[in-house]
Structures are given as C-alpha cells and as structure tokens.
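Biologist: I'm new to this one, so please start with the whole thing and then take me in for a close look at a single part, the surroundings of one loop. A few other spots for context would be welcome too.

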Amino acid sequence: MFKTLDMKHTSINTLPDSIWKLQQLRHLYLSESYRSKLMLGQGTNFPTILQTLCGLFVDEETPVRDGLDRLLNIRKLGLTMSSKQEAMSLQLQAVVDWVLKQKQLRSLRLKSIDENNQPWDLELKPLVSLVNLSYIYLLGRLRNPSIISQFPYSLIDLTLSASGLVEDPMQSLGRLPNLRSLKLLAKSYLGKNMLCSFGGFPQLRVLKLWKLEQLEEWNVEKGALQALRDLEIRFCRSLKFFLQNCYIEFCGKLKLYLPRREKLCKKVLVYFFVLGFAFHFNVFAIGADIQILMRAVLSCNNL
C-alpha cells in the first residue's frame, strides 16, 4: 500500500487530481520552493485517512471550500499562502475555517507572502480549541495579534517570524504551561522592551531571539525561565541591557551574535563557568562589543 509521497525536493509545481486515487495515502509532502499546487476535479474522492499535508501553495485558484476542507483528519499541515491579491480575502477565510476543523492537528506551519516572496498579512483566528496542537510556525504580519494570548495549552514549540507585534508577547506566552521552545525571529516583535515575569515559562528550555532590531531592554524577573537550557541572541542591534537585568540560573549553553561595528573583525569565542556549568559566546565582534560581552560575563558570575 502506498502511504507516503514525498516530493519536497522536486521541481513539480502542479499535481493532477489523479493523485487522490491513492486511497491509502497518509502523508503527502510537496515542494514549498516550487509553489506546489493541487488540482481537483468535479466529484474528486479524497483519501479520508490523509494525516500529513505539507508544502502546499494556496492561491485564489486553490479549491479550499468544498474541496480541501473535506480533509478533516490532518495532523500535520504546512501551507504557504499568496495573500496580497484582493481576490484572496475569501480564500484566506476558507483556509482559516479549514484549520479550525482539524481537531487532530498537532503541527501547523503557515506562511503568508506577496508576489515578491516577502512576508505579508497573515489571517488567523484563535487556536485554543485545537487541544492536540503542539507545534506552530507562523510567518507573516498577524492581522489579529490577540491570538498570541489564545494558543492552546498543549503547545510545546512556537516560532514567530515577521509577525509585527507591537505589544510584548512574553506576558501571554509565559503562561503556556508546556511551552519548551520559543523562537522570535526577524520583525516578529517591534517593541523596545520585553519582560519575563516571575513564574513565567515554567518548562521553556530553548529561547532564540533573532533580529529584533527595535528591542532595547530585556528584563527577566527572579523565578522566570527556570528550565532554560539554551539561550541564543542574534543581531538584536539595539539591545543595551541583557544579562545584567536578567536573573536566570543557566544550566546549558548561551550564545550571543552581536552586530559588526568594524570593517575588520574576527570571530571571538569566550568560555566561562556559572554554577559549575560551561558556556560559550560565539561572537563576531571586536572592540566595544568585547567590553559588552565581558560585562555580561561578570554579571552572570555575580548572580
């Protein structure tokens, strides 16, 4: 029985509706880079046991309503949506409604791009009803930023990119009891200040802050991030205060990637010990950056 069809690394961009004759098909991986689309004929009979659908490109011609929305047993879903055209407004609503019907959904990856492959508006409704959802990846400016406070408690891994959040998301995300990995990537948060409050992120082990260029100050209260093992900060160019305002008992690895301030710079690798555990900074920086780095090390040693 043919259960898995993997075309992630192909140049196929359109699949005929004859693909659905594979009634035992459970896992379908399409080519995200080639904008793979699916064709549906009149009266197409779907394999109702399909559990994985990843890499699908959705535009105004994609048959979502009365088509793909008949697939209700999806556990892993990955879609890229072309969202800028006005004709896509109803289509995006159909996609959102379809997602909310997936009561067995465990993994959700949604990307919203314009015709130049740049992040665009991402339409989404609260996902709190998807009680099995453990992995979320969202790329695009959230038109409804309040969904940040309405993720399901089952969530374990969250990645946000280009979300355009203007309010600190840490207060809401810190209440997720099972969250273990959080990645805030470029332009996901546009604010200047970020606070992790007492008791926040009780299970978080991995935290990555990448290219949050407006972020100036990050404070961590005692009792927050108690399980943190891996902290990575890359190119947060405006960040002035980090470890001296952060009460974190590290038991893992800490990486800081600071921006270059000189034309000639070299890779600096600094090791230090906190509470008996070894850490290292992997930094491309010289001069003033090294002074910042060493102040952070001293601050950690004084915790």
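Modeller: The protein has an accessible surface of about 14,900 Å², and carbon and sulfur atoms own 51% of that. Areas here come from the Shrake-Rupley method with a 1.4 Å probe, and for residues only the protein chains shown count as cover. Keep in mind that this is a predicted model, where local features need pLDDT of at least 70 and side-chain atom pairs count only at pLDDT 80 or more, while totals for chains, interfaces and linings use all residues. Residues are numbered from 1 along each chain as its sequence is written, and side-chain values use heavy atoms, with hydrogens and water left out.

Staying with the whole protein, there are 303 residues, and 48% of them are buried. Buried means under 20% relative accessible area, exposed means over 50%, and partly exposed is in between (1.4 Å probe, protein chains only). The secondary structure comes to 3 helices and 19 strands; these are DSSP runs, numbered from the N terminus, with helices being H or I of at least four residues and strands E of at least two. Of the contacts with a separation of 6 or more, 56% join residues 24 or more positions apart, a contact being heavy atoms within 4.5 Å.

Now for the loop. Isoleucine 147 sits between strand 10 (141-142) and strand 11 (157-161). Despite its place in a loop, isoleucine 147 is buried, at a relative accessible area of 1%. What does isoleucine 147 touch, not counting residues up to four places away in sequence? The list is Leu124, Lys125, Pro126, Leu138 and Leu142. Leucine 127 is 20 residues away from isoleucine 147 in sequence, yet their C-alpha atoms are 7.4 Å apart.

Follow the chain on to strand 11 and you meet serine 161, which is buried at 10% relative accessibility. Setting aside neighbours within four places in sequence, serine 161 is in contact with Leu138, Leu139, Gly140, Leu185, Ala186 and Ser188. So Leu138 turns up in the lists of both isoleucine 147 and serine 161, each of them a buried residue.

Arginine 141 lies over the face of tryptophan 120, 5.6 Å from the ring centre. The charged end of arginine 109 does something similar with tyrosine 137, sitting over the ring at 4.0 Å from its centre. The test is that NZ of Lys or CZ of Arg is within 6 Å of the ring centre and within 35 degrees of the ring normal.

Elsewhere, threonine 52 is in strand 5 (residues 52-58) and is buried, at 5% relative accessibility. Its side chain makes a polar contact of 2.8 Å with the side chain of histidine 27. That term covers a pair of N or O atoms within 3.5 Å; within protein, one must be able to donate a hydrogen and the other to accept it, and residues adjacent in sequence count only if both atoms are side-chain atoms. Beyond four places in sequence, the contacts of threonine 52 include Arg26, Leu28, Tyr29 and Lys76.

One last stop is the backbone. Most residues other than glycine have a negative phi. Arginine 35, though, has a phi near 55°, in the loop between strand 3 (27-29) and strand 4 (37-38). Lysine 211 also has a positive phi, of about 55°, and is partly exposed at 46% relative accessibility.
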